[in-house]
Amino acid sequence: MLSENDGVITPHSASKIAHDSSHEQAVKTEEPESTVSKSAAIILVLAIGAHNFFEGIAFGLQRELGSAGQLAAGILIHKTAAAVSLGGAFARSGYTTRQIILFLGIFSLIAPIGIIIGMQIASSNKLVDVIF
Ligand SMILES: [Zn+2]
């Protein structure tokens, strides 16, 4: 029985070698200098993400259009600053562009998830109001 460890290059192992070398090359070219550690960038995502989650819940709980609009304006203004600081930190973290897009994609989903949860809580409270 032959396995890949016997040095026989099968089509599968050949593509694996090609993939590994192309990955190494990508890392070398896309990592010129990293002044922010990768773990610091992740901690920043988790901290701002937790903040966004509760902000989303607060927005989802709004029952009146006026107060929801005021809160939306406040969120939009300071969310811009958060997004710029997060993007700047990731740009200097040494992550590849694909990894940064993945992290920020997940990050951008946190607030909408909080809004949906807040709306669920708000609608369940209304249901409780109708019953009692
Ligand atoms: Zn906020």
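Modeller: A residue is buried if 20 or more other C-beta atoms lie within 10 Å of its own, exposed if 12 or fewer, and partly exposed in between. This cut-off will serve us throughout the discussion of this predicted model.

Colleague: Which class does I115 fall into, buried or exposed?

Modeller: I115 counts as buried, because it has 20 C-beta neighbours inside 10 Å. This residue lies in helix α4, which covers residues 97-131.

Colleague: Which residues does I115 touch, once those up to four places away in sequence are not counted?

Modeller: The contacts of I115 are G56, F59 and G60. These three also appear among the buried residues of α2, where they are listed with A41, N52, E55 and I57. One may also look at distance along the chain: I115 and F53 are 62 residues apart in sequence, yet their C-alpha atoms are separated by 7.8 Å.

Colleague: Before going further, I should like to know how far the model can be trusted. What average pLDDT does the protein have?

Modeller: The general caution is that where pLDDT is low, the predicted coordinates should not be read in detail. Here the protein averages a pLDDT of 80, and 69% of the residues score at least 70.

Colleague: Which elements have the lowest and the highest mean pLDDT?

Modeller: The lowest mean, 52, belongs to helix α1 (residues 11-29), whereas the highest, 93, belongs to helix α2 (residues 38-60).

Colleague: How many helices and strands does the protein have?

Modeller: There are four helices and zero strands. Read from the N terminus, the order of elements is therefore written α-α-α-α.

Colleague: How should I read the length of a helix such as α2, and what span is expected at 1.5 Å a residue?

Modeller: One compares the reach of the helix with the expected value. For α2, which has 23 residues, the first and last C-alpha atoms are 32 Å apart, close to the expected 33 Å.

Colleague: At what angle do the axes of α2 and α3 cross?

Modeller: The axes of α2 and helix α3 (residues 65-91) cross at roughly 170° and come within 11 Å. Angles over 145 degrees count as roughly antiparallel, so α2 is roughly antiparallel to α3.

Colleague: Which residues of α2 and α3 meet?

Modeller: On the α2 side they are A41, L44, V45, I48, E55, A58 and F59; on the α3 side they are A68, L71, A72, I75, A82, L86, A89 and F90. By character, the residues of this contact divide into 14 nonpolar, no polar and one charged.

Colleague: Let us take I48 and L44 from that list. How many other C-beta atoms lie within 10 Å of I48?

Modeller: I48, in helix α2, has 19 other C-beta atoms within 10 Å and is therefore partly exposed. Setting aside residues up to four places away in sequence, I48 touches A82 and L86. The C-alpha atoms of I48 and F107, 59 residues apart along the chain, are separated by 8.6 Å.

Colleague: What are the contacts of L44, leaving aside its neighbours within four places in sequence?

Modeller: L44, also in helix α2, is in contact with L86 and A89. The C-alpha atoms of L44 and A89 are separated by 8.5 Å, although the two residues are 45 apart along the chain. L44 counts as partly exposed because it has 18 C-beta neighbours inside 10 Å.

Colleague: What share of the residues in the whole protein is buried?

Modeller: Of the 132 residues, 13% are buried. As for contacts with a separation of 6 or more, residues 24 or more positions apart account for 82% of them.

Terms used:
Residues numbered from 1 in each chain as written. Predicted model: local features only at pLDDT ≥ 70, side-chain atom pairs only at ≥ 80, totals over all residues. pLDDT = per-residue confidence, 0-100. Helix = DSSP H or I, 4+ residues; strand = E, 2+ residues; numbered from the N terminus. Expected span 1.5 Å × (residues − 1). Contact = placed C-beta atoms within 7 Å. Axes fitted to C-alpha atoms, helices over the stretch in contact; angles between N-to-C directions. Parallel < 35°, antiparallel > 145°, perpendicular 65-115°, else oblique. Nonpolar A, V, L, I, M, F, W, Y, C, P; charged D, E, K, R; others polar.
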